[in-house]
Amino acid sequence: MNIQKLMKQAQQMQAGLAAKQEELAQRTVEASVGGGKVTVVSTCAGDVLSIKIDPSVVDPSDVEFLQDLVLKGVQEAVNKGKEFAAAEMKKLTGGLGIPGL
């Protein structure tokens with residue numbers, strides 16, 4: 001076993017992982033809930049970029065409904081991003097199960 005070759009491969013994988021993490025931080029996913037009444041866009045890193053709310057769900061007498069829709073939309077967008085990121089990292093690492101990825 002050539003330790004230098006192994007170290008070089010590890011460095012290449014590390015560089016690839018860093019590049020993929022940067023790419024995923026820029027990639028966006030979108031989730032819609034409530035029949036499209038609330039749409040959330042977030043990055044695969046979990047940063048919420050925008051929330052669009054259909055005016056028809058803005059009812060001052062039922063704010064809880066809107067709050068629930070917004071929360072559900074954010075959760076779904078973040079989960080979609082995490083799932084996409086995990087799938088991309090698995091492709092890159094070959095399913096090695098590297099901690100923190």
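**Exercise 1.** In what order do the three strands form an open sheet, and is the pairing parallel or antiparallel?

*Solution.* The model is a predicted one, in which local features need pLDDT of at least 70 and side-chain atom pairs count only at pLDDT 80 or more, while totals for chains, interfaces and linings use all residues. Residues are numbered from 1 along each chain as its sequence is written, and side-chain values use heavy atoms, with hydrogens and water left out.

Step 1. Strands (E, at least two residues) and helices (H or I, at least four) are DSSP runs, numbered from the N terminus. Two strands pair if DSSP finds at least two bridges between them.

Step 2. β1 (residues 28-33) and β2 (residues 38-43) are joined by six bridges in the antiparallel sense. Within this pair, V33 stands opposite V38, and V29 has S42 as its bridge partner.

Step 3. β2 and β3 are antiparallel too, over five bridges. Here S42 is bridged to V48 and V38 to I53.

Step 4. The order is therefore β1-β2-β3, with antiparallel pairing. β1 and β3 (48-53) are the edge strands, each pairing on one side only. Neighbouring strands are turned by 15° against each other on average, direction ignored; axes are lines fitted to C-alpha atoms (for helices over the stretch in contact), and angles run from 0 to 180 degrees between N-to-C directions.

**Exercise 2.** Which turn residues of the two hairpins have a positive phi?

*Solution.* Step 1. The hairpin of β1 and β2 has four residues between its strands, and G34 in the turn has a phi of about 65°.

Step 2. The hairpin of β2 and β3 also has four residues between the strands; in it, G46 takes a positive phi near 95°.

**Exercise 3.** Which residues of β1 and β2 are buried?

*Solution.* Step 1. Buried means under 20% relative accessible area, exposed over 50%, and partly exposed in between (1.4 Å probe, protein chains only).

Step 2. Side chains alternate along β1: V29, A31 and V33 point to one face and are buried, whereas T28, E30 and S32 point to the other and are not.

Step 3. In β2 both faces are covered, with V38, V40 and S42 buried on one side and T39, V41 and T43 on the other. Six of the six residues of β2 are buried, so this strand is largely enclosed by the rest of the structure.

Step 4. T43, in β2, counts as buried because its relative accessibility is 4%. Apart from neighbours within four places in sequence, T43 is in contact (heavy atoms within 4.5 Å) with L24, A25, R27, T28, L49 and G81.

**Exercise 4.** How do the axes of α1 and α2 cross, and which residues meet?

*Solution.* Step 1. The axes of α1 (residues 3-26) and α2 (residues 63-93) come within 10 Å and cross at roughly 160°.

Step 2. Angles under 35 degrees count as roughly parallel, over 145 as roughly antiparallel, 65 to 115 as roughly perpendicular and the rest as oblique. The two helices are therefore roughly antiparallel to each other.

Step 3. From α1, M13, G16, L17, K20, Q21 and L24 meet F84, A85, E88, M89, L92 and T93 of α2.

Step 4. For the sheet, α2 lies across β1, β2 and β3 and runs at about 145° to β1.
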